[in-house]
Amino acid sequence: MEIIADLHLHSKHSRATSKNLDIENLEKYAKLKGVNLLGTGDFCHPIWNKELKAKLTQKDNGTLITRSGFPFILSNEISLIYTQNDRGRRVHLVLLAPNLEIVNQITEYLLKHGRIDYDGRPIFKIPCDEFTYEMKKISEDIEVIPAHIWTPWFSMFGSKSGFDTVKDCFLDQTKHIHAIETGLSSNPSMNWRISQLDNLSILSFSDAHSFWPWRLGREATLFDIDLTYKNLIKAIRTKEGLKGTIEVDPNYGKYHFDGHRNCNTSLHPKDSLKHKGICPVCKKPLTIGVLYRVEELADRPEGYQPKNPKPFHSLIPLTELIAAVVQQAVTTKKDKENYEKIMQNNNEYEILLKMSEEELQKRTDKKLVNTILKNREGKIKIKPGYDGVYGIPLLENTKI
């Protein structure tokens, strides 16, 4: 069975998330997107935890399912903010857990270090190595995954508070780190340039703060396994059964280039180097993005490819493509009408990856068909994102 999994997302109890981000909408829009396995997100939050127990049934195979049988895996993002080597560190981690009993033990541990009721992604002053050690004491089946590893502000390799190696971050607990999450602003080919990541699985998830199809499942990981928690973790740890990822173009991510959003300044790393990392407008330090950090840590040339690499698809969400073609926002009525017209009884990944040109032409305008096909081939140009600003698809003469 091919599993399209999005295991890093949030509930309505995380900050800056949709107030309607509940189990019902997660299932509804996952099916619309073509995702068939979701993380619960926020499993430690007391209200969300109660909702998970009320609306999902825990199975012996380590999944939790809705009444209609849609599967979830218990997941939670944790924010660790602490000092190491006289420098402030801020690292986000994704946790996967095998059952609610283990979640209760994780929660008990976290309550000894702070509160869990104010945010689905709680903050603790715990070093990454210590945290990982304590998780493994609870259960060897807990998986700790460094989240969006290149993001400037909150990640393992982030320019503002990160480390230069996995070992610097996790110290003697590095042996328990089996995978990394690319984040929107990097893709596998960028991470292949970093030899220290060779033995780690490359995963991609959405980090969605809403259930809309331009957020949920915009990045996902493909597995070919019989769905059980143990099989999923085995695939992550060994790469057997891990088939690849779905990514957005890294330029689409909010931190690909360096820049200052308040100054409307976006710079390629080569140009920010010329300015010595200083914004040419306000003369303050730039937010150094993902591409810069990859170049800084890379020990292989651009274009390097490992032997037998896991394939990946580079896709911009369908709603974004339609919006670019009609030159309106993704939230407009016209964008929604065009989306519903082309979708019919299919899911979005079927449209983006599999549907024939002939079938697409029956459903929509030729210009949108061409845009979908170009997207499938990774040929959509993107104005790079920077300092919290999403990248913008650039199309020519694309009015419907």
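# Exercises on a predicted model

S4 and S5 form a hairpin with five residues between them, and Gly 69 in the turn has a positive phi of about 100°. The model is predicted. The exercises start from strand S5 and move outward.

## Exercise 1. Strand S5 and its partners

Find which strands pair with S5, and give the direction of S4, S6, S2 and S7 relative to S5.

**Solution.**

Step 1. Take S4 (residues 64–65). Two bridges join S4 to S5, and the strands run antiparallel. Leu 64 has Phe 72 as its bridge partner in S5.

Step 2. Go to S6. Eleven bridges link S5 and S6, again in antiparallel fashion. Leu 74 faces Ala 97 of S6. These two strands also make a hairpin, with two residues between them. In that turn, Asn 85 has a positive phi of about 55°.

Step 3. Add the parallel partners. S2 (residues 37–39) runs parallel to S5 and is joined to S5 by two bridges. Gly 39 of S2 pairs with Ile 73. S7 (residues 123–124) is also parallel to S5, with two bridges. Leu 80 has Phe 124 as its partner in S7.

Step 4. Check burial. Twelve of the 14 residues of S5 are buried, so S5 is largely enclosed by the rest of the structure.

## Exercise 2. Helix H4

Determine how many residues of helix H4 (residues 128–138) are buried, and what covers them.

**Solution.**

Step 1. Count. Eight of the eleven residues are buried, so the helix is largely enclosed by the rest of the structure.

Step 2. Name them. The buried set is Cys 128, Asp 129, Phe 131, Thr 132, Glu 134, Met 135, Lys 136 and Ile 138.

Step 3. Look for the cover. Strands S5 (71–84), S6 (87–97) and S8 (143–146) contribute to it. Helices H3 (100–111), H5 (166–170) and H7 (229–238) contribute too.

## Exercise 3. Aromatic rings around Trp 212

Classify the ring pair of Tyr 29 and Trp 212, and say which residues form the aromatic cluster with them.

**Solution.**

Step 1. Set the scale. The count for the model comes to nine aromatic pairs.

Step 2. Read the geometry. Tyr 29 and Trp 212 sit 5.3 Å centre to centre, with 70° between the planes. Planes over 60 degrees apart count as edge-to-face. The pair is therefore edge-to-face.

Step 3. Place the partners. Tyr 29 is in helix H1 (residues 23–33), while Trp 212 is in the loop between strand S10 (201–203) and strand S11 (220–224). The pair thus ties together parts 183 residues apart in sequence.

Step 4. Compare exposure. Tyr 29 is buried at 12% relative accessibility. Trp 212 is partly exposed at 35%.

Step 5. Extend the group. The ring centres of Phe 211 and Trp 212 are 4.6 Å apart with planes at 45°, so this pair is tilted. Phe 211 is buried, at 4%. Tyr 29, Phe 211, Trp 212 and Trp 214 form one aromatic cluster.

## Exercise 4. Charges over rings

State which rings lie under Arg 89 and Arg 90.

**Solution.**

Step 1. Arg 89 lies over the face of Phe 163, at 4.1 Å from the ring centre.

Step 2. The charged end of Arg 90 sits over the ring of Phe 154, 5.2 Å from its centre.

## Exercise 5. Charge pairs, and a charge without one

Describe the salt bridges of Glu 51, Arg 115 and Lys 379. Then examine Asp 335.

**Solution.**

Step 1. Search the whole structure. There are 18 salt bridges.

Step 2. Take Glu 51 and Lys 55. Their side chains meet at 3.0 Å, N to O. Both lie in helix H2 (residues 46–55), four residues apart, about one turn of the helix. Glu 51 is buried at 11%, whereas Lys 55 is partly exposed at 31%.

Step 3. Take Arg 115 and Asp 117. Their N to O distance is 2.9 Å. Arg 115 is exposed at 52%, and Asp 117 is partly exposed at 42%.

Step 4. Take Lys 379 and Glu 377. They meet at 3.3 Å, N to O. Lys 379 is exposed at 56%; Glu 377 is exposed at 52%.

Step 5. Follow shared partners. Lys 12, Glu 24, Glu 51 and Lys 55 join into one network of salt bridges.

Step 6. Turn to Asp 335, in helix H11 (residues 333–343). Asp 335 is buried but has no salt bridge. The nearest side chain of opposite charge is Lys 334, 9.7 Å away. A salt bridge needs the charged atoms within 4 Å. Leaving out residues up to four places away in sequence, Asp 335 touches Thr 319, Ile 322, Ala 323, Ala 329 and Val 330.

Key
Residues numbered from 1 in each chain as written. Predicted model: local features only at pLDDT ≥ 70, side-chain atom pairs only at ≥ 80, totals over all residues. Heavy atoms only, no water. Buried < 20%, exposed > 50% of the residue type's maximum accessible area, 1.4 Å probe, protein only. Lys, Arg positive; Asp, Glu negative; His and termini not counted. Contact = heavy atoms within 4.5 Å. Phe/Tyr/Trp six-rings, centres within 6.5 Å; stacked < 30°, edge-to-face > 60°. Lys NZ or Arg CZ within 6 Å of the ring centre and 35° of its normal. Pairing = 2+ DSSP bridges.
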